[in-house]
Amino acid sequence: KEVRSSKGNEMSQNSAALRWLLVRNYNSFHTKSHGITLSKEPGNLLNRNSFKHSGLANSKSVDIAPVAGSKAVRVTLRTGKKINKPVKSLNAVTLKKDHK
């Protein structure tokens with residue numbers, strides 16, 4: 001039996017688990033090195049192929065990337081609120097070395 005709360009948290013957990021089952025073995029970000037399966041997907045900071053660290057399966061993720069041609073860093077946060085609208089679920093901020 002599936003128990004639903006008034007907030008609907010169980011439905012989002014089930015869909016994240018379903019997404020993980022679909023992408024865990026079959027996506028273009030997999031790399032195998034020395035018998036270990038790694039993942040280079042955006043939002044996966046540790047490059048581990050696991051549900052906990054997956055940027056594709058989880059509704060909330062953080063990605064940190066350098067900005068080309070400067071000493072700035074771009075931090076991208078993906079929230080779980082607007083998961084059906086991917087463009088609106090991303091919030092990107094560029095941090096410079098001397099920002100105040």
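This report covers the strand pairing, two positive-phi residues and the setting of N58 in a predicted model.

## The β1-β2 hairpin

Strand β1 spans residues 30-33. It pairs with β2 in the antiparallel sense, over 4 bridges. One bridge partnership joins S33 to I36 in β2. The hairpin has 2 residues between its strands.

H34 sits in the loop between β1 and β2. Its phi is positive, near 55°, and the residue is not glycine. Most residues other than glycine have a negative phi. H34 counts as exposed because its relative accessibility, 81%, is over the 50% cut-off.

## The three-stranded sheet

A second topic is the open sheet of 3 strands. Its order is β3-β4-β5, and the pairing is antiparallel. β3 and β5 (90-95) stand at the edges. Each has a single partner strand, so one side of each is left without a neighbour in the sheet. Neighbouring strands of this sheet are turned by 20° against each other on average, with direction ignored.

Strand β4 covers residues 73-78. It is joined to β5 by 6 bridges, and the two run antiparallel. Within this pair, T76 has A92 of β5 as its bridge partner. Strands of a sheet pair through backbone hydrogen bonds, either parallel or antiparallel.

## The loop between β2 and β3: N47

The loop between β2 and β3 holds N47. N47 is not a glycine, yet its phi is positive, at about 60°. N47 is partly exposed because its relative accessible area of 34% falls between the 20% and 50% cut-offs.

## The loop between β2 and β3: N58

N58 also has its place in the loop between β2 (36-39) and β3 (61-66). Its relative accessible area is 14%. N58 is therefore buried, as the value is under the 20% cut-off.

What does N58 touch, leaving aside its neighbours within four places in sequence? Its contacts are R19, F51, K52, H53 and R78. R78 belongs to β4, which covers residues 73-78. The side chain of N58 also reaches the backbone oxygen of S54, at 3.0 Å. I83 lies 25 residues from N58 along the chain. The C-alpha atoms of N58 and I83 are separated by 10.0 Å.

## Summary

β1 and β2 pair antiparallel, with exposed H34 in the loop between them. The open sheet runs β3-β4-β5. In the loop between β2 and β3, N47 is partly exposed, whereas N58 is buried.

Definitions and conventions: Residues are numbered from 1 along each chain as its sequence is written. This is a predicted model: local features need pLDDT of at least 70, side-chain atom pairs count only at pLDDT 80 or more; totals for chains, interfaces and linings use all residues. Side-chain values use heavy atoms; hydrogens and water are left out. Buried means under 20% relative accessible area, exposed over 50%, partly exposed in between (1.4 Å probe, protein chains only). Contact means heavy atoms within 4.5 Å. A polar contact is a pair of N or O atoms within 3.5 Å; within protein, one must be able to donate a hydrogen and the other to accept it, and residues adjacent in sequence count only if both atoms are side-chain atoms. Two strands pair if DSSP finds at least two bridges between them. Axes are lines fitted to C-alpha atoms, for helices over the stretch in contact, and angles run from 0 to 180 degrees between N-to-C directions.
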